[in-house]
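Here's a quick tour of a protein model, written with pocket hunting and strand bookkeeping in mind. Have a look at the structure before reading on.

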Amino acid sequence: MSDTTISKTKDMVTSKTSVSVLFAGDSGDGMQLTGTQFANTVAVYGSDLNTFPNFPSEIRAPAGTISGVSGFQLQFGSSAVYTPGAKFDVMIAMNAAALKANLKNLHHGGIIIASTDGFDAKNLNLSGYGEGNSPLEDGSLSDYTVFEVPVVSLVRKALADTGLSTKNIDRCKNMFVLGILYWLYSLPIDTTIETLRSKFKNKQDVADANIKAVQAGYNFGDETEMFSQHGRYEVGPAKKKSGVYRRVTGNEASAIGLTAAAKKAGLELFLGSYPITPASEILQTLSGLKKWGVKTFQAEDELAGVLTSIGASYGGALAATNTSGPGLALKSEALGLAMILEIPLVVINVQRGGPSTGLPTKPEQSDLFIAMFGRHGDAPVPVIAATSPVDCFYAAYEAAKIAIEYMTPVICLTDGYLALSSEPMLVPSPDELASITAKFAKERKADDPPYLPYKRDERNVRDWAIPGTPGLEHRIGGLEKQHETGHVSHDPQNHELMTKLRCEKVDRVADIIPDLSIDNGPEKGDLLVLGWGSTYGAIKIAVEQAIEGGCNVAHAHLRHIHPFPKNLGEVLGNYKRVLMPENNSGQLIHLIRDKFQIEPIGFSKVQGLPFNEMEIEAKITDILKEL
């Protein structure tokens with residue numbers, strides 16, 4: 001326990017229901033680590049939160065430049081939090097570029113804590129301000145509350161007796177800033193201290209230096225006169241359902257969801273994977289779960305990743321593969337193979353900015369078309385989309401259930417925003433999770449009739465035949481199969497029949513998915529905002545605020561993209577207009593137009609950034625003015 005949890009001064013403490021904070025600096029300034037530690041503390045304290053890491057694609061982006069700025073934004077509050085905040089209340093600017101890149105998104109009157117060491121002549125030139133044009137001195141920040149802190153010199157002074165080199169001491173500057181934030185928002189530093197001791201358990205001098213830096217930052221806030229006129233803040237814990245909580249990123253949640261599904265189904269889990277940003281953490285998380293019957297294989301390329309998973313599925317495991325847009329394209333022929341084999345496979349596609357290499361660390365929703373149609377031949381597969389970091393758990397779990405019970409590949413779409421962002425998750429009891437039942441073909445005796453591998457039940461689903469099971473010998477491969485027998489067939493009528501049967505099987509997944517419900521707003525009205533995937537939080541807040549302002553608007557969100565919920569057409573028909581925000585150039589809107597012969601209003605954003613609630617609320621207002 002630290003001795004800094006008791007304030008030495010009597011500062012004014014202002015209660016707030018929510019606060020959005022941005023940590024911004026060079027890629028080497030440790031902003032992602034700093035933000036993560038702050039998020040962990042907030043989560044342990046009990047506040048609800050939502051985070052958004054935003055960093056360059058380059059491994060080491062140009063220091064001091066706008067393109068090299070790395071940011072970590074989070075919003076935490078005493079009530080439900082769905083986004084990291086359209087604008088933030090506090091910005092930590094470690095250098096001039098960080099300030100210039102993000103000032104437009106700071107609330108007027110917001111707080112800037114500026115590390116003055118990052119506003120020297122070199123940094124001013126690199127950022128584009130120009131030498132002698134410091135925003136800290138020219139009056140351009142008069143609308144904000146600015147605290148100028150010589151972070152580097154203070155850290156060097158605080159750690160002068162540690163014996164570390166100046167370079168290593170300077171690496172602790174992010175922990176000093178973190179300590180200031182803990183003091184400013186009346187948060188304990190103990191969680192971070194415990195994490196640092198664990199993280200650097202084999203480097204005691206480094207652990208001690210970072211801990212000392214956090215304590216020094218906290219004490220600086222407590223003792224300096226700088227904050228005396230401003231005071232401190234306090235955000236209370238959120239009222240939540242009782243139970244065990246943990247903070248998860250979307251990628252972690254996806255990995256845990258797959259593991260839970262395998263345990264529920266009584267199967268081993270196999271992941272064949274090739275590392276790709278921003279999906280790699282799924283492989284990393286699952287590689288640490290061997291004791292739960294999880295097997296992971298880091299393949300030499302995307303094709304090997306998915307093909308090993310197909311082999312594992314053929315052998316009776318719950319098989320999965322994870323990737324992002326470029327990898328999904330490379331897997332396309334193999335997905336057609338899994339589809340014609342009719343074996344279960346879960347593909348978690350963490351969408352990113354494209355095309356090609358595009359924006360590897362930025363989110364986008366531009367893989368919907370390839371998920372729907374990116375295979376040669378008629379090869380439909382179910383497609384579902386997660387709505388939040390926590391929902392990545394439930395989406396992965398549901399994808400596994402559909403894959404197993406309908407003997408089909410399933411594509412589960414997340415994106416870079418959900419994958420790397422985080423929020424608290426109420427850990428569900430296994431009894432609360434839906435059952436998953438694998439239908440295995442039974443061993444056959446010598447006098448039984450020949451095994452028919454493609455004989456189907458009333459849903460058009462065939463049994464899962466495990467190799468080595470007596471009496472279940474059958475052909476497997478990518479050539480067209482004869483109905484029921486599974487023999488290779490080039491008969492035209494048979495090919496048409498098998499194509500229809502496979503398509504009908506996927507269509508019948510609609511029988512087990514729930515009807516689309518209205519998330520918020522009236523069941524009938526002027527405007528429906530229809531979203532999918534990671535736009536959920538921004539749409540939800542925007543519609544709530546619009547309703548509070550007297551607008552006749554509702555929100556519905558699609559998890560099931562293929563097949564659609566059976567009542568989707570009815571829901572769409574209950575509103576005069578339909579608005580569809582998408583982080584792409586308009587993909588779901590094409591599917592809706594084609595299926596339901598209506599003309600929704602598209603609202604696209606293709607900037608490598610998620611929507612924020614202010615953008616969507618403004619669009620809602622503009623549309624309703626014209627009705």
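What follows goes through the pockets, then the strands, then a single proline.

Keep in mind that this is a predicted model.

**Pockets**

Let's start with the two main pockets, side by side.

| Pocket | Volume | Lining residues | Nonpolar | Polar | Charged |
|---|---|---|---|---|---|
| Largest | about 1,100 Å³ | 49 residues | 18 residues | 18 residues | 13 residues |
| Second largest | about 910 Å³ | 48 residues | 24 residues | 14 residues | 10 residues |

Which residues are closest to the centre of the largest pocket? They are Asp26, Ser27, Gly28, Asp29 and Gly30, out of a lining of 49. Plenty of helices chip in as well: α1 (31-45), α3 (121-127), α4 (151-158), α5 (166-170), α6 (173-184), α7 (190-199), α8 (204-223) and α10 (280-287) each give two or more residues to that lining. By class, the lining of the largest pocket has 18 nonpolar residues and 18 polar ones, with 13 charged residues besides.

Now for the second largest pocket. Nearest its centre lie Tyr82, Thr387, Ser388, Asp391 and Tyr536. The elements that hand over two or more lining residues here are β3 (48-54), α15 (391-406), α16 (416-420), β16 (422-426), α18 (536-548) and β19 (553-558). Which element gives the most to this lining? That's β16, with 4 residues. As for chemistry, the lining of the second largest pocket splits into 24 nonpolar, 14 polar and 10 charged residues.

**Around strand β6**

Next up is β6, which covers residues 106-115 and is mostly covered, with 7 of its 10 residues buried. Strand β6 has a parallel partner in β5 (residues 88-93), joined to it over 5 bridges. Another parallel partner of β6 is β7 (residues 145-149), again over 5 bridges.

Ile112 is a handy residue to click on. It is the bridge partner of Met91, and Ile112 is also bridged to Val146 in β7.

How are the strands linked along the chain? β5 and β6, with helix α2 (residues 96-102), make a right-handed β-α-β unit. A right-handed β-α-β unit is also made by β6, α3 and β7. Helix α3 has turned up before, since it is among the elements that give two or more residues to the lining of the largest pocket.

**A five-stranded sheet**

Further along there's an open sheet of 5 strands with mixed pairing, in the order β17-β19-β18-β21-β22. Its edge strands, β17 (518-520) and β22 (601-604), each pair on one side only. On average, neighbouring strands of this sheet are turned by 30° against each other, ignoring direction.

Inside it, β18 (residues 525-532) and β21 (residues 575-582) run parallel and are joined by 4 bridges. One bridge pair to look up is Val529 with Leu579 in β21. Strand β19 of this sheet is also one of the elements giving two or more residues to the lining of the second largest pocket.

**One proline to finish**

Is Pro62 in a loop or in a strand? It sits in the loop between β3 and β4 (69-77). Pro62 has a relative accessible area of 42%, so it counts as partly exposed, the range between 20% and 50%. Although Pro62 and Leu126 are 64 residues apart along the chain, their C-alpha atoms are separated by 9.3 Å.

Methods. Residues are numbered from 1 along each chain as its sequence is written. This is a predicted model: local features need pLDDT of at least 70, side-chain atom pairs count only at pLDDT 80 or more; totals for chains, interfaces and linings use all residues. Side-chain values use heavy atoms; hydrogens and water are left out. On a 1 Å grid over the protein atoms alone, a cavity is a set of points where a 1.4 Å probe fits but cannot get out, and a pocket is an open set with protein on both sides within 12 Å along at least five of seven lines; lining residues have an atom within 4 Å of a point. Grid points are joined across faces, edges and corners, and a volume is the space filled by probe spheres set on the points. Ala, Val, Leu, Ile, Met, Phe, Trp, Tyr, Cys and Pro count as nonpolar, Asp, Glu, Lys and Arg as charged, and the others, Gly among them, as polar. Buried means under 20% relative accessible area, exposed over 50%, partly exposed in between (1.4 Å probe, protein chains only). Two strands pair if DSSP finds at least two bridges between them. A crossover is right-handed if, with the strands pointing away from the viewer, the path from the first strand over the helix to the second runs clockwise. Axes are lines fitted to C-alpha atoms, for helices over the stretch in contact, and angles run from 0 to 180 degrees between N-to-C directions.
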